[in-house]
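Reader: I am new to this one, and I would like to know what lies behind the words people use for it. Could you take me through a few of them?

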Amino acid sequence: TKKKATVACPPGCVTCDDATNCTKCKDGLILHFKRCLTAAPSGTYVKDNKSIMVCPLNCTECNSQEECTRCKAPTALVKRETCLPSCDEGFFPKGIGRI
């Protein structure tokens with residue numbers, strides 16, 4: 001009998017559709033757009049150790065939808081969680097009260 005030809009899955013994959021598309025990753029890796037990653041790309045975060053989610057608007061780094069850790073310019077991090085338009089020194093964004 002002839003052996004069936006096989007092609008290796010991409011690095012980090014347990015199972016795949018073909019040589020470029022993962023369907024399941026090895027433990028410790030996260031499946032994102034059919035690739036296995038070790039960490040979330042910029043502007044995203046890992047949810048429940050298995051999926052990658054997009055950070056809130058104007059947030060370049062976050063821990064969740066409720067906790068932004070770095071903002072896109074010209075916004076500023078307010079109350080250690082939200083990105084709002086930045087103000088000149090001595091002013092604060094209208095409508096948010098004391099920071």
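**Reasons behind the words**

Author: Gladly! A hairpin links strand 1 to strand 2 through 5 residues. Please keep in mind that this is a predicted model.

Reader: What makes strand 1 and strand 2 a pair?

Author: Pairing calls for at least two bridges. Strand 1 (residues 13-16) and strand 2 (residues 22-25) run antiparallel and are joined by 3 bridges, so they pair. Within this pair, Cys13 faces Cys25 of strand 2.

Reader: Why is Ser64 called buried?

Author: Buried means under 20% relative accessible area. Ser64 has 18%, so the word applies. Ser64 belongs to strand 7 (residues 59-64). Not counting residues up to four places away in sequence, Ser64 touches Tyr45 and Pro56.

Reader: How do you know that the side chain of Ser64 makes a polar contact with the backbone nitrogen of Glu67?

Author: The limit for the N or O pair is 3.5 Å. The side chain of Ser64 reaches that nitrogen at 3.2 Å, so the pair is within the limit. A polar atom of the same side chain also lies 3.1 Å from the backbone nitrogen of Glu66.

Reader: And why is Thr44 called buried?

Author: Thr44, in strand 5 (residues 44-47), has a relative accessible area of 15%. That is under 20%, so Thr44 counts as buried. Leaving aside neighbours within four places in sequence, its contacts include Ile52, Val54 and Cys62. A polar atom of the Thr44 side chain lies 2.5 Å from the backbone oxygen of Pro41.

Key. Residues are numbered from 1 along each chain as its sequence is written. This is a predicted model: local features need pLDDT of at least 70, side-chain atom pairs count only at pLDDT 80 or more; totals for chains, interfaces and linings use all residues. Side-chain values use heavy atoms; hydrogens and water are left out. Helices (H or I, at least four residues) and strands (E, at least two) are DSSP runs, numbered from the N terminus. Buried means under 20% relative accessible area, exposed over 50%, partly exposed in between (1.4 Å probe, protein chains only). A polar contact is a pair of N or O atoms within 3.5 Å; within protein, one must be able to donate a hydrogen and the other to accept it, and residues adjacent in sequence count only if both atoms are side-chain atoms. Contact means heavy atoms within 4.5 Å.
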